[in-house]
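Grab a pencil and let's work through a few exercises together. Have a look at the model first, then try each task before you read its solution.

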Amino acid sequence: MPFPPPLRWAVELDGAGRHPAAWRLPGACPGDLFTAAHWRRLAATVEAADLDLLVVPDAYRLQSAGERDQRGRLDAVAVAAHLAPLTRRTGLVPVVTATHTEPFHTQKAIATLDLTSRGRAGWQVEVSTTPAEADLFGRKPVAPADELWREAAETVDVARRLWDSWEDDAVVRDLATGRYVDRDKLHPVDFAGGFFTVKGPSITPRSPQGQPLVVVPVRDEPSLALAAAQADVARLETASPERAAAWAARLPDATVLLDVEILLRRGAGEAAGVAAQLDAWSPGHAPRTLRHVGTPDTFRGLVQALPAGVDGVAAVPLDLPGSLDVLTAEVLPRLPRPVVRGTTLRERFGLPRPVSRYAREVPA
Amino acid sequence: MSAKRQVHLGAHFPGVNQTTVWRDPRAGSQTDFTSFEHLARTAERGLMDFFFLAEGLRLREQGGTIYDLDVVGRPDTLTVLNSLAAVTTHLGLAGTINATFNEAAEVARQFASLDHLSGGRAAWNVVTSSDAFTGENFRRGGYLAHADRYVRAREVIDVARAFWDSWGPGALVADPELGVFARDVHDVGHHGPQFDVRGPGLLPRSPQGHPVLFQAGDSDDGREFGAAYADAVFTMHGTLEAGRRFTADLRARAVRNGRSGEDLRILPGASFVLGDTEAEARENARTIRFQQVGPQQAVAFLEQVWGRDLTGFDPEGPLPVQDPDLTATIAQGRTRFPRDRVEVAREWRELAAANGWSARELVVEVSGRQQFVGTPEQVAAEIDEYVQADACDGFILVPHLTPTGLDEFVDRVVPLLQERGAYRTEYTGTTLREHLGLTHPHDASRALDPAPRTA
Ligand SMILES: Cc1cc2nc3c(=O)[nH]c(=O)nc-3n(C[C@H](O)[C@H](O)[C@H](O)COP(=O)(O)O)c2cc1C
C-alpha cells in the first residue's frame with residue numbers, strides 16, 4: 001500500500017470537551033472554563049502541534065438543562081479574536097450561526113478577525129434549529145432545515161460579496177486630491193434575497209485574505225448543498241464511511257475533513273475506562289459523528305484508512321485537555337503532514353488570494 | 001483616600017471623524033492590528049481607565065456618493081476589543097454598539113464574553129442612531145421611528161441586564177466531587193414592544209456582573225436615558241462653564257432617577273496639542289487644523305451646511321454668496337446639523353468679513369472642537385481644573401494621529417497630572433468599574449433582589 005498523503009487537521013475545542021461530563025475528569029480545571037487562561041492553554045497546544053484549524057463551536061442555546069452537565073459558552077468570535085494575537089500559525093474558525101444574526105455584523109466580525117489574526121480567519125456556518133434558540137431572539141419561529149440552510153446560503157453569499165465590496169487598493173491616501181479612498185473601488189452589494197436585503201459596501205476594509213475561509217458542516221442534503229456551493233472546507237458529520245465517500249465525491253472544490261470524536265489514552269483499557277466513566281456520569285450521549293475511543297496506534301490506523309475523497313480529520317476531543325494532549329504529542333508527530341508555506345490560512349491551504357469580483361479590468 | 005478628585009482618562013482610537021489626520025507622514029494604518037495594539041499599550045502605559053472605539057454601520061455619503069475625504073471604514077468593534085484583551089492586562093475596553101440594529105440576547109452575550117475574557121474590563125457605549133440610511137444594511141433596517149430610539153435602548157438594557165443576572169452569583173459550582181456543574185440558572189422572560197424573548201443566559205455571571213455602560217447622545221431623551229442607565233456619559237461639552245452646567249444637569253437627573261449623582265462619570269471627548277512653549281503649541285495646533293481642514297474638506301463642510309453642490313468653489317476665497325438650501329440633506333450617515341442654517345451662514349459671513357478670513361479659514365475656526373493647547377504643564381493644569389470644578393470627571397482623549405498620537409501625552413502630561421495628585425500612579429484595581437471608582441454597580445442591588453423581573 002502506498003504511503004498515505006499528508007493530512008489536514010482541524011480540532012474543535014468545546015469547554016472541557018464535547019462530552020457533557022468531561023469537566024469532572026482530573027486535569028479539566030472546570031472553574032476556569034470561561035477564562036482567557038483556559039483558552040490560551042489549549043491554543044498553545046494546538047499551535048505547537050501546527051494544526052491547520054482551531055474551531056470554536058457555538059450555538060444560541062445551553063447544551064443541557066441538567067445541573068450535572070457542562071453548559072454555557074463564550075461567544076465563539078470573541079474567543080477566536082482573543083486568541084488571534086496569541087497565535088501565529090493556526091487558522092482560527094469560530095462558529096457563527098446564520099439564523100438569527102445579522103449578515104452584515106457577521107461578515108465584518110470575520111473580516112476583522114482576519115485583520116487581528118493577520119490573515120488566519122475562517123468562519124464555520126451553522127443554523128439554529130430549535131425553538132429555544134428562536135425564543136432567545138423572539139423574532140421569528142423555527143423553520144425547517146432546508147429553509148434554514150437556504151437562508152444560511154444567502155448569508156454566506158452576501159458575506160462574500162461584502163468581503164469583495166472594498167477592492168484591495170481602495171484606500172489611496174491621495175494628497176493631491178485630498179481623497180482618503182477611491183470611491184470607485186467601493187461597491188454597494190445591493191443584495192436582495194429571499195430572506196433579507198443588504199445595501200453595502202461593508203464598513204470594514206478588505207481583510208488580509210480578501211476572503212476568509214468558509215467552513216461548512218455536512219450532515220444532511222441541505223447542508224451538503226451549501227457546502228458544495230460555498231465551502232472552502234467541509235466537515236463530514238457521519239459515522240458511515242460509504243456516506244462520507246459519497247458526500248466527498250460531491251465536494252470536488254472543498255478540502256474535505258471527516259469529523260471524528262476522540263477519546264485517546266496511551267492504553268486501550270484506560271481509554272475505554274474513561275469513556276465508560278463519562279457515560280456513567282452523564283448517560284445517553286450518542287456520538288454525533290464517527291467516534292474513536294482508543295490509543296494513538298488505533299487512531300493512526302483509522303486515519304490511514306480514511307474514506308476516498310477525504311483530505312483530513314476534524315478531531316473533536318470528548319475531553320480536554322486529555323485527548324488533545326495525546327493527539328498532539330503521540331499521534332500527529334508520526335503522521336505525514338503538509339509543508340506549510342506562507343502565513344495566511346489561504347496560503348496554508350494552497351488557495352490563491354482572490355481578486356474582488358467587483359474589480360474592473362484595467363485596460364493595458 | 002486622595003484629597004483631590006481624580007482625573008479619569010480614556011483613549012479614543014482616531015478613526016472616522018474630521019479630526020483624524022491621515023495626510024501626515026507619521027499617520028499609520030487605520031486597520032492593521034498593530035495600530036490598535038500600539039494605542040492600547042500606550043493608554044495602558046499611561047494608566048488610563050479604558051480604550052474606546054466608536055462605531056459606524058454604513059459608509060457616510062455626501063451628495064449621493066461615498067464621502068472620501070476623511071478616514072473611511074473601520075474594523076468590527078467587539079472583535080478588535082477581544083483581541084486587545086489579549087495584549088493588555090488592566091486597560092478597560094469600551095465599545096460603541098448600536099441599540100437599534102442589534103438583538104438584546106446577542107449583544108448581552110457578546111459583552112459578557114468580553115468581560116470574561118478580559119477579566120472584568122468590558123464597557124458598552126450604547127448609541128441609538130436610527131436613520132433609515134444605516135438601516136439599509138440590516139434586516140430590521142430603518143423601521144424605528146426617531147421617538148422610539150430610546151424606548152428600544154431602554155428595553156435593550158433591561159433585557160441585557162436580565163440575561164446578565166440569569167445565572168445566580170454562585171451558579172457556576174464546577175465541583176467534580178459533588179457532580180454539579182451549574183445550578184441556579186434562570187430563564188429570562190420579557191415581553192415588551194421591542195422584544196419578546198425567553199430563555200436562559202448562555203454564560204455564567206461575568207467578572208463585573210454587568211459590564212460598564214456608557215451612553216453618548218445629547219437630546220433630552222438621551223440625557224434621561226444616560227442618567228437612568230449609564231455608568232459613564234460620553235459628551236462633547238467643551239468649555240468649563242458648559243461642562244459644569246451639563247454635569248450638574250446629569251447628576252441632578254441621576255438623583256431624580258433614584259441614583260447618586262456620584263454614580264455617573266461624565267467624560268467629554270477632547271483633543272490636545274502640545275508644545276515646548278505656548279506659542280509653539282499654538283503654531284502646532286494651527287498646522288494640525290489646516291491638515292484636518294484641507295481645501296477639499298472645507299468645501300465639503302460648506303456643502304453640508306449650505307445643502308448645495310459647491311463643485312468649482314474656491315475655498316481660499318470668500319464664503320458662498322447664495323443662502324443655504326434648506327430642502328436638501330446632502331450628507332448621509334452623520335449627525336444632523338442642529339441649527340438654522342440660513343442664520344448660521346449669515347453669522348459666518350460677518351465673522352469672516354470682520355477677520356478677513358477665507359472660506360477655509362472660517363471653516364477651520366468654526367469646525368474645531370474642544371482642544372487643550374499648550375505646554376504639558378498648561379494642559380495638565382487645565383485638565384485638573386476642569387475636574388476639580390466638576391465640569392467633568394475626566395476626558396476621552398481623541399488623538400489626531402494613528403497610532404502614535406497618544407505617546408506624547410502619556411510621556412509628558414501624565415507625569416504632571418500625577419505630580420498634582422490628580423492621577424493614579426499605579427492601577428489599584430483590576431476591573432474597569434474599579435478604575436472608574438464606581439462604587440455601586442447595578443448588579444449588587446439586582447443580584448439581591450428576589451423579585452421576578454418579568455414584565
Ligand atoms: C460624544 C458622542 C459620541 C457618539 N458616538 C457615536 C458613535 O460612535 N456611533 C454612533 O452611531 N453614534 C454616536 N453618537 C450619536 C448618538 O448615539 C446619538 O444617536 C446621537 O447623539 C443622537 O442622539 P440624541 O438625539 O440623544 O443626541 C455619539 C454622540 C455623542 C454625543
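A residue counts as buried under 20% relative accessible area, exposed over 50%, and partly exposed in between (1.4 Å probe, protein chains only). This is a predicted model, where local features need pLDDT of at least 70, side-chain atom pairs count only at pLDDT 80 or more, and totals for chains, interfaces and linings use all residues. Residues are numbered from 1 along each chain as its sequence is written, chains are lettered from A and ligands numbered from 1 in the order in which they are written, and side-chain values use heavy atoms, with hydrogens and water left out.

**Exercise 1.** Work out where Cys29(A) sits and what its relative accessible area is.

Step 1: find the loop. Cys29(A) falls between strand 1 (8-12) and helix 1 (36-48) of chain A. Helices (H or I, at least four residues) and strands (E, at least two) are DSSP runs, numbered from the N terminus.

Step 2: check the cover. With a relative accessible area of 38%, Cys29(A) is partly exposed.

Step 3: look at the backbone. Cys29(A) isn't a glycine, yet its phi is positive, at about 45°.

**Exercise 2.** Now do the same for Asp190(A): which loop holds this residue?

Step 1: Asp190(A) is in the loop that links strand 6 (179-181) to strand 7 (191-192) of chain A.

Step 2: its phi is positive too, about 40°, although Asp190(A) is not a glycine.

Step 3: Asp190(A) has a relative accessible area of 47%, so call it partly exposed.

**Exercise 3.** Track down a cis peptide bond in chain A and one in chain B.

Step 1: in chain A, go from Gly200(A) to Pro201(A), where the bond is cis with omega near -5°. Pro201(A) belongs to the loop between strand 8 (197-198) and strand 9 (213-218).

Step 2: in chain B, the bond joining Thr402(B) and Pro403(B) is cis, with omega about -5°. You'll find Pro403(B) in the loop between strand 16 (394-397) and helix 13 (407-419).

**Exercise 4.** Is chain B as compact as a globular protein of its length, and why?

Step 1: count the elements. Chain B has 15 helices and 16 strands.

Step 2: compare sizes. Its radius of gyration is 23 Å, close to the 23 Å from the globule rule for 455 residues, so chain B is as compact as a globular protein of that length. The radius is taken over C-alpha atoms, and the rule is 2.2 Å times the number of residues to the power 0.38.

Step 3: add the burial. Of the 455 residues in chain B, 62% are buried.
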